[in-house]
Amino acid sequence: MGEEFQFYYKNEGYWISRNNEGFYLTRVQDSSSQTFKTSGDLFRKGRIENKTIREL
């Protein structure tokens, strides 16, 4: 659906979003982005401070 979800981790903003190309984890401060093919990949492989999204 192309929706975005914003959250904060240790006072730093992040976005999780998706489009037809895939899923994205983006740090707001510098627009650094990680790209994944599936939502499962995002939660297993997406990292913030060497922790996966699932761990956080």
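Start by selecting S1 and S2: together they make a hairpin with two residues between them, and Lys10 in the turn has a positive phi of about 50 degrees. Strands here are DSSP runs of E with at least two residues, numbered from the N terminus.

Before going on, a word on the model. It is predicted, so local features need pLDDT of at least 70 and side-chain atom pairs count only at pLDDT 80 or more, while totals for chains, interfaces and linings use all residues. Residues are numbered from 1 along each chain as its sequence is written, and side-chain values use heavy atoms, with hydrogens and water left out.

**The S1–S2 pair**

Stay with this hairpin and show residues 4-9 for S1 and 12-19 for S2; the two strands run antiparallel and are joined by six bridges. Two strands count as paired if DSSP finds at least two bridges between them. Now pick Tyr9 and look across to Glu12, its bridge partner in S2.

**On to S3**

Next, add residues 22-27, which are S3; six bridges join this strand to S2, again in the antiparallel sense. The link from S2 to S3 is a hairpin with two residues between the strands. Two pairs are worth clicking here: Ser17 has Tyr24 as its bridge partner in S3, and Tyr14 has Arg27.

**The S3–S4 hairpin**

Follow the chain out of S3 and you cross five residues before S4, with Ser31 in this hairpin turn showing a positive phi of about 60 degrees. S3 and S4 pair through four bridges and are antiparallel. Select Leu25 and you will find Gln34 of S4 opposite.

**The whole sheet**

Zoom out and display the four strands together: they form an open sheet in the order S1-S2-S3-S4, with antiparallel pairing. At the edges lie S1 and S4 (33-36), each of which pairs on one side only. Turn the view to follow the twist, which averages 20 degrees from one strand to the next; the strand axes are lines fitted to C-alpha atoms, and angles run from 0 to 180 degrees between N-to-C directions.

**Colour by confidence**

Finally, colour by pLDDT, the predictor's confidence in each residue on a scale from 0 to 100. The protein chain has a mean of 93, and 95% of its residues reach 70 or more. Which element has the highest confidence, and which the lowest? S4 is highest at 98, and S1 is lowest at a mean of 94.
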